[in-house]
Amino acid sequence: MNSNLRVQREREELLTRRRRRRDVGVGDAESAMQDLAEESTSLASSQNMVGELLMSGQAQLNSLIDQRQRMRGVKRMVLNIGSTLGMSNKTLKLIEKRDENDMYLVFGGMCITCIVIYIVWFR
């Protein structure tokens with residue numbers, strides 16, 4: 001909510017500044033050019049920040065993909081070791097059931113987090 005108020009305040013400030021410049025007169029082209037240069041700089045800065053945010057998200061996604069592949073390998077290794085040691089089928093099924101329940105918990109937590117973010121952001 002605080003972010004929304006800040007954005008709205010900045011928007012109003014920019015629109016007010018533009019209206020003031022327009023009211024000053026047509027002969028004030030230099031200040032109008034200065035305003036446009038500031039807007040251009042601000043847009044370029046925003047574009048750079050969005051690019052950095054996208055790169056950060058991509059790096060995190062790649063990290064999660066690598067982690068997932070490693071965890072699959074670990075799961076296979078544990079199951080192979082378990083079968084080598086003679087673990088019962090019941091124990092192996094219990095492990096697999098626990099893995100499935102953990103997956104549901106993770107997806108449920110992600111859905112709840114998305115809902116909370118949506119409620120906070122848009123309300």
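User: In this predicted model, which residue meets the side chain of Arg98 in a salt bridge?
Analyst: A salt bridge here requires a side-chain nitrogen of Lys or Arg within 4 Å of a carboxyl oxygen of Asp or Glu. The N to O distance for this pair is 3.8 Å. Both partners lie in helix H3, four residues apart, about one turn of the helix. The partner of Arg98 is Asp102.

User: Is Arg98 buried or exposed, and what is the relative accessible area of Asp102?
Analyst: A residue counts as exposed over 50% relative accessible area, and as partly exposed between 20% and that limit. Arg98 has a relative accessible area of 58% and is therefore exposed. Asp102 is partly exposed, and its relative accessible area is 33%.

User: How many salt bridges does a search of the whole structure find?
Analyst: One of them joins Arg98 and Asp102 in helix H3. Glu10 also forms one with Arg6, and Lys75 forms one with Asp99. The search of the whole structure gives a total of three.

User: Which residue forms a salt bridge with Lys75, and in which helix does that residue lie?
Analyst: The closest N and O atoms of the pair are 3.2 Å apart, and the partner of Lys75 is Asp99. This pair links distant parts of the chain, with the two positions 24 residues apart in numbering and Lys75 placed in helix H2. Lys75 is partly exposed at 41% relative accessibility, and Asp99 is likewise partly exposed at 37%. The helix that holds Asp99 is H3.

User: How far apart are the closest N and O atoms of Glu10 and Arg6?
Analyst: Both residues belong to helix H1 (residues 2-24), where they are four residues apart, about one turn of the helix. Glu10 is partly exposed at 40% relative accessibility, and Arg6 is partly exposed at 42%. Their closest N and O atoms form a salt bridge at 3.6 Å.

User: What pattern does the protein chain follow when read along the sequence?
Analyst: The chain has three helices and zero strands. Among the helices are H1, at residues 2-24, and H3, at residues 89-122. Read along the sequence, the pattern is α-α-α.

User: How far apart are the end C-alpha atoms of helix H2?
Analyst: Helix H2 covers residues 29-85, a run of 57 residues. At 1.5 Å a residue, the expected span is 84 Å. The computed separation of the end C-alpha atoms agrees with that expectation, at 83 Å.

User: Which residues in H2 are buried?
Analyst: Buried means under 20% relative accessible area. Buried residues make up 3% of the 123 residues in the protein chain. The accessible surface of the chain comes to about 11300 Å², of which 61% belongs to carbon and sulfur atoms. In H2 the buried residues are Ser31, Asp35 and Gly82.

User: Why is there no bond between the sulfur atoms of Cys114 and Cys111?
Analyst: A disulfide is a covalent bond between the sulfur atoms of two cysteines. The structure holds zero disulfides. For Cys111, the nearest cysteine sulfur is that of Cys114, while Cys111 is partly exposed at 48% relative accessibility and Cys114 is exposed at 53%. Disulfide sulfur atoms must lie within 2.5 Å, and the bond is absent because the distance is too far, at 6.6 Å.

User: How many aromatic pairs does a search of the whole structure find, and is the pair of Tyr118 and Phe122 stacked, edge-to-face or tilted?
Analyst: The search finds one aromatic pair. The ring centres of Tyr118 and Phe122 are 5.0 Å apart, and the two residues are separated by about one helical turn, being four residues apart in helix H3. Planes under 30 degrees apart would count as stacked and over 60 as edge-to-face. Here the planes are at 50°, so the pair is tilted.

User: What accessible area do the residues of the nonpolar surface patch have together?
Analyst: The patch consists of Ile115, Ile117, Tyr118, Ile119, Trp121 and Phe122. Patch residues need over 30% relative accessible area; Tyr118 is partly exposed at 46%, and Phe122 is exposed at 56%. Together the patch residues have an accessible area of about 680 Å².

Technical notes:
Residues numbered from 1 in each chain as written. Predicted model: local features only at pLDDT ≥ 70, side-chain atom pairs only at ≥ 80, totals over all residues. Heavy atoms only, no water. Patch = residues over 30% accessible without salt bridge, like charges linked within 9 Å, V, L, I, M, F, W, Y side chains within 5 Å. Areas by Shrake-Rupley, 256 points an atom, 1.4 Å probe, with all protein chains shown as cover. Buried < 20%, exposed > 50% of the residue type's maximum accessible area, 1.4 Å probe, protein only. Phe/Tyr/Trp six-rings, centres within 6.5 Å; stacked < 30°, edge-to-face > 60°. Expected span 1.5 Å × (residues − 1).
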